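Me: I would like to go through this structure term by term, asking for each label what earns it. Please set the values against the definitions as we go.

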Amino acid sequence: IRRPPRSTLSSSSAASDVYKRQILCAIVFMFSFTSHARNQISVVGSSTLYPFSTVVAENFGRDTGMKTPKIESTGSGGGMKLLCAGLGVNHPDITNSSRRIKKSELEKCSKAGIEVVEIKVGYDGIVIANSKKGEKFNLSKRDIFLALAKDVPEGNAEGGKLIPNPNKTWKEVNSNLPDIKIEVLGPPPTSGTRDAFNELAIEGGCKTFPNLKAIKKEDKKKYKAICRAVREDGVYIEAGENDNLIVQKLAENKNALGVFGFSFLAENEDKIQGSNIDGNEPTFENIASKAYPVSRPLYFYIKTAHVDVIPGIREFVEAYTSDDAFGPDGYLSERGLIPMPDEEREFFRKSGQEMIILDKL
């Protein structure tokens, strides 16, 4: 365990307590490891990163001869919870996340004596897709808000009082959209994709109403409750942490739409099509240039106490942050990952090599 810098310790009993917890956790972890050794890296977290991490793990196992890491899809929130739950062979070494770690999660890890290294992998677009047998949608963020928000302005009009969302068809939302029932399959609240979709798409549409946008200055809590809350009347259907299942259900129901990461669209373009949002198609080029408005960064977090104890963590991180993997011509871009600029890639590659601890946000 890295001792906190002297300047942060001073005579603070709080800092001393944190250091003591870290030492105690390290002792417990070492005892746990030596008693019940584990020689396979455990990775949990985001369903969006699941296919990327899986292919890296498979290549890593084949190229190094080490045991192929175990990758589990638990959702970003679920992965953070598991990562910060404790040290030892019964706890994961790495978590994938389709959003950045929250301050509260980092504090929870710290209280448990757990330090983490943050690695940004690249970027991803969140798409709203449907079957190729159905009509291609051209949506605005306002349309998405009016279709999926829990409460909307009466008559969908600016200045209208908020009422429980009465919109049943897309045509009721926007006369230019198809006259079919609103039915959207998407991730649950534990998902980072859900967090990002609520913030970028639903809140993005909410902000197009000046009276709703103005609430943010007066009462941020109330604003979030209005602008990020998803309706619970069966129109939005939580499909779990399995994006492949959403794709399968879209193929079976041409009237349904689904919310998931761009890579799942890229891998299933023979069956499904992405909706345009604010006039921009969800393509690799549009997401990379930030023209497509619903996109976000992707991360994974490494538990430092497990590095050099669980075999292969350093090598796995090196493989993930190699140009062969997350570079502009890497095999992950072929799977739909949007690569970072050179400087950004080099920064996070160095973070992984030196295991630079994330101590604040």
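Reply: What follows takes a helix, a pocket, the nonpolar cores and a few single residues in turn. This is a predicted model, in which local features need pLDDT of at least 70 and side-chain atom pairs count only at pLDDT 80 or more, while totals for chains, interfaces and linings use all residues. Residues are numbered from 1 along each chain as its sequence is written, and side-chain values use heavy atoms, with hydrogens and water left out.

Me: Why is E105 called buried?

Reply: Buried means under 20% relative accessible area, exposed means over 50%, and partly exposed is in between, with a 1.4 Å probe and protein chains only. E105 has a relative accessibility of 13%, so E105 counts as buried. The residue sits in helix α5, where helices are DSSP runs of H or I with at least four residues, strands are runs of E with at least two, and both are numbered from the N terminus. Beyond its neighbours within four places in sequence, E105 is in contact with M80, C84 and R99, contact being heavy atoms within 4.5 Å.

Me: What makes the buried residues of α5 line one face of the helix?

Reply: The buried residues of α5, which covers residues 103–111, are E105, L106 and C109. Viewed down the axis of α5, they fall within an arc of 100°, so they line one face of the helix; the arc is that of the directions from the helix axis to the C-beta atoms. An α-helix has 3.6 residues a turn, so residues three or four places apart point the same way. K103 and K111 are exposed on the other side of α5, whereas its buried residues pack against α4 (76–83), β4 (116–131) and β14 (357–358).

Me: How do you know what is empty in the second largest pocket, and which residues are closest to its centre?

Reply: Rolling a probe the size of a water molecule over the atoms shows where empty space is left. On a 1 Å grid over the protein atoms alone, a pocket is an open set of points with protein on both sides within 12 Å along at least five of seven lines, whereas a cavity is a set where a 1.4 Å probe fits but cannot get out. Grid points are joined across faces, edges and corners, and the volume is the space filled by probe spheres set on the points; for the second largest pocket this comes to about 400 Å³. Lining residues have an atom within 4 Å of a point, and of the 15 that line this pocket, R99, D195, A196, E199 and R228 are the closest to its centre. Helix α8 (192–206) gives the most to the lining, with five residues.

Me: What makes up that lining by class?

Reply: The lining has five nonpolar, two polar and eight charged residues. Here Ala, Val, Leu, Ile, Met, Phe, Trp, Tyr, Cys and Pro count as nonpolar, Asp, Glu, Lys and Arg as charged, and the others, Gly among them, as polar.

Me: Which residues touch the most other members of the largest nonpolar core?

Reply: A nonpolar core is a set of buried Ala, Val, Leu, Ile, Met, Phe, Trp, Tyr and Cys residues joined through side-chain atoms within 4.5 Å. The largest such core has 81 residues, of which L148, F260 and I302 touch the most other members, and β4 gives the most to this core, with eight residues. A second, separate core of 13 residues includes C84, Y299, Y301 and A305.

Me: Why is T304 buried, while D308 is exposed?

Reply: T304 has a relative accessible area of 17%, which is why T304 is buried, whereas D308 has 59% and is therefore exposed. T304 is found in the loop between β13 and α15 (313–320), and D308 is also placed in the loop between β13 and α15. Not counting residues up to four places away in sequence, T304 touches E115, V116, V117 and I357.

Me: What makes the phi of D308 worth a remark?

Reply: Most residues other than glycine have a negative phi. The phi of D308 is near 70°, a positive value in a residue other than glycine. D278, likewise not a glycine, has a positive phi of about 50°, and D278 is partly exposed because its relative accessible area is 34%.
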